[in-house]
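Trainee: I am new to this structure and would like a close look at one part of it, followed outwards into its surroundings. Could you take a loop as the starting point and go through it carefully?

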Amino acid sequence: MFFYAFAIGSYESKIIDDIIEEIHGIIPKGLDVSNNIVGMDSRLETLISSLNIHLNGVRMVGVYWLGGIGKTTIITTLHNKISNRFRSISFLTNVREESTKDSGILKLQQLLDDTLGVRGQLTLKNIHEGVKVIKDMLSFKKVLVFLDDIDDSRQLEHLVGKHSWFGHGSRIVITTRKKYFLRAYGVDYMYEVDKLNNVEALQLFYSYAFKQHLPKKGYRDLSIHIVQYADGLPLALKVLGSLLFQKEVKDWKSELRKLEQVPNMEITNVLKISYDGLDDTQKMIFIDIACFLKGKNVEAVTTILDGSEFNVESGINALVDRCFIAISKDKMIEMHDLLTQMGKEIVYKECPNEPLREADYEDIWMFIKY
C-alpha cells in the first residue's frame with residue numbers, strides 16, 4: 001500500500017512538474033528595460049496600432065532612424081507589452097554586429113529555434129538549408145519576431161524573407177538606420193522615431209544627472225543648455241547626464257565649454273557608424289551640408305554642388321534615406337545638431353591646418369539667391 005501511494009505521489013508530482021514547465025514555456029519572459037524611460041507611451045501606441053494585432057494576416061513593421069534615438073529600447077518595451085499574445089517569439093539583437101562575423105547569419109537563423117520550440121535539436125548545415133527550414137516550419141505558425149539593427153538586405157532575405165514564410169497572425173518588427181531597406185523590402189508600415197521634445201528630454205536628463213525628476217538648486221539653467229545641445233537625442237542625454245552626475249556647477253560649466261568645441265566621443269562614435277557606411281560621394285555631400293549648407297534650400301544646394309563631380313541628387317536622396325538629413329515642407333535641408341558638429345569635427349581631424357571654405361560657399365549662395 002505504501003509503495004502504491006508513493007508511486008501515485010511520484011506520478012502526480014511529475015504531472016505537476018510538467019504543467020509548471022509548460023506554463024513557463026507559454027508565459028513569455030520579459031526583456032530587461034531601463035527604468036529611466038521617457039516618452040514611451042505615445043511611441044508604443046503608434047507602433048501597436050500599426051501592427052494591427054487583431055487582424056489575421058502577416059504584417060511587417062520597420063522602425064528607423066540613426067543610432068542613439070532609442071530604437072532598441074522602443075522595441076524591447078514593445079516586446080514586453082505584446083509578447084503575451086504569442087506562443088512563438090524570437091528577439092534577435094545586434095544583427096548588424098553578429099552578421100559581420102563568420103557564419104553570423106547562420107547563427108542568427110539558429111536563434112529562430114525560439115519560435116520552433118526545438119532549441120538545441122536543430123542543426124543547420126548552411127544558409128540555404130536554414131532558409132528552407134524556416135519556410136517549411138514557420139509557414140503554419142503564428143510568430144512574433146524582432147530583428148534589431150539590420151544593415152544589409154541579405155539579413156532580411158535570409159531571416160524573414162517574405163510574408164508567406166510565416167503563419168497567419170504573425171508579426172515581424174525590424175529596426176534599422178537605413179530607411180531605404182524597409183521601402184525596398186516592402187514592409188507594411190515604416191515608423192520614424194521622433195526626437196524627444198523639450199519636456200521629455202529634460203525628464204530623461206534629470207533621471208541620469210540627478211537620479212530624480214527635478215534638478216538640484218542652481219542647476220536648472222545649466223540643464224537646459226545641456227538639453228539644447230543634445231537636441232532630443234536620448235543617447236546624448238543619457239551619456240551627458242551620467243557624466244555630470246554628482247559634479248559641481250563649475251564642472252558642468254567646464255563641460256559645456258568643452259562641448260562647444262569638441263563633441264563627446266561616446267556619442268559621436270555611435271553616430272559615426274552610420275557615416276562610415278556612406279560611400280565617398282555621400283560623405284562629401286554630408287560634410288558640405290554639415291559645414292555650410294544646413295538650413296538652405298535643397299534646390300539651391302543642388303545647384304551649388306552640381307559644379308562639383310558629385311552625383312548630387314542621388315547623394316542627397318541617400319542622405320535622406322539614411323536619416324542624415326530631412327527636407328522640410330518648404331524644401332529646406334534639416335540636420336540634427338549633433339550630426340552637424342560631427343561633420344565639422346571630421347573635417348577638422350582630416351584637415352587641421354586648412355580653414356573651412358565657408359566664405360566661398362557664402363559668395364556662391366548670395367549669387368544664387370539674388
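Mentor: Gln-246 is exposed, because its relative accessible area is 63% and the cut-off for that word is over 50%. Please keep in mind throughout that this is a predicted model. Gln-246 belongs to the loop that connects α12 with α13, the latter covering residues 249-261, and its phi is near 65 degrees, a positive value in a residue other than glycine.

At the other end of α12 there is a second residue to set beside it. Asp-231 sits in the loop between α11 (220-230) and α12 (234-244), and although it is not a glycine, its phi is positive as well, at about 55 degrees. Its surroundings can be judged by the area it leaves accessible: Asp-231 has a relative accessible area of 18% and therefore counts as buried, the limit being under 20%. The side chain of Asp-231 makes a polar contact of 3.0 Å with the side chain of Lys-195. When residues up to four places away in sequence are not counted, Asp-231 touches Lys-195, His-336 and Asp-337.

The helices on either side of these loops also meet Phe-205, whose contacts, leaving aside neighbours within four places in sequence, are Ser-223, Ile-226, Val-227, Leu-237, Leu-240, Gly-241, Leu-244 and Trp-252. Phe-205 and Phe-286 are the residues that touch the most other members of the largest nonpolar core, which has 103 residues. The helix that gives the most to this core is α15 (residues 280-293), with 8 residues. As a general background, nonpolar side chains tend to be buried together in soluble globular proteins.

Within the span of α15 lies Cys-291, which counts as buried because its relative accessibility is 6%. Cys-323 is likewise buried, with a relative accessible area of 5%, and the structure holds 0 disulfides. Helix α16 (residues 298-305) is mostly covered, with 6 of its 8 residues buried, and these are Val-298, Ala-300, Val-301, Thr-302, Ile-304 and Leu-305. The N-terminal end of α16 is capped by Asn-297, which places a side-chain oxygen 2.8 Å from the backbone nitrogen of Glu-299.

From the helices we can turn to a sheet, in which 5 strands follow the order β2-β3-β4-β1-β5, with parallel pairing and an open arrangement. The edges are taken by β2 (88-92) and β5 (189-192), each of which has a single partner strand, so one side of each is left without a neighbour in the sheet. On average, and with direction ignored, neighbouring strands of this sheet are turned by 15 degrees against each other.

At one edge, β5 runs parallel to β1 (residues 59-64), and 4 bridges join the two; Tyr-64 has its bridge partner in β5, namely Glu-192. Helix α3 (residues 71-82) packs on the sheet, where it touches β1, β2, β3 (143-150) and β4 (171-176), and its direction makes about 170 degrees with that of β3.

At the other edge, β2 pairs with β3 in the parallel sense over 5 bridges, and the partner of Ser-90 in β3 is Val-145. β2 is mostly covered, with 5 of its 5 residues buried. This holds on both faces, since Ser-88, Ser-90 and Leu-92 on one side and Ile-89 and Phe-91 on the other are all buried.

To place these parts in the whole, the protein has 19 helices and 7 strands, and 47% of its 370 residues count as buried. Among contacts between residues at least 6 apart in sequence, 76% join residues at least 24 apart. Coming back to the loops where we started, Gln-246 is exposed, whereas Asp-231 is buried.

Note on methods:
Residues are numbered from 1 along each chain as its sequence is written. This is a predicted model: local features need pLDDT of at least 70, side-chain atom pairs count only at pLDDT 80 or more; totals for chains, interfaces and linings use all residues. Side-chain values use heavy atoms; hydrogens and water are left out. Buried means under 20% relative accessible area, exposed over 50%, partly exposed in between (1.4 Å probe, protein chains only). A polar contact is a pair of N or O atoms within 3.5 Å; within protein, one must be able to donate a hydrogen and the other to accept it, and residues adjacent in sequence count only if both atoms are side-chain atoms. A disulfide is a pair of cysteine sulfur atoms within 2.5 Å. Two strands pair if DSSP finds at least two bridges between them. Axes are lines fitted to C-alpha atoms, for helices over the stretch in contact, and angles run from 0 to 180 degrees between N-to-C directions. Contact means heavy atoms within 4.5 Å. A nonpolar core is a set of buried Ala, Val, Leu, Ile, Met, Phe, Trp, Tyr and Cys residues joined through side-chain atoms within 4.5 Å.
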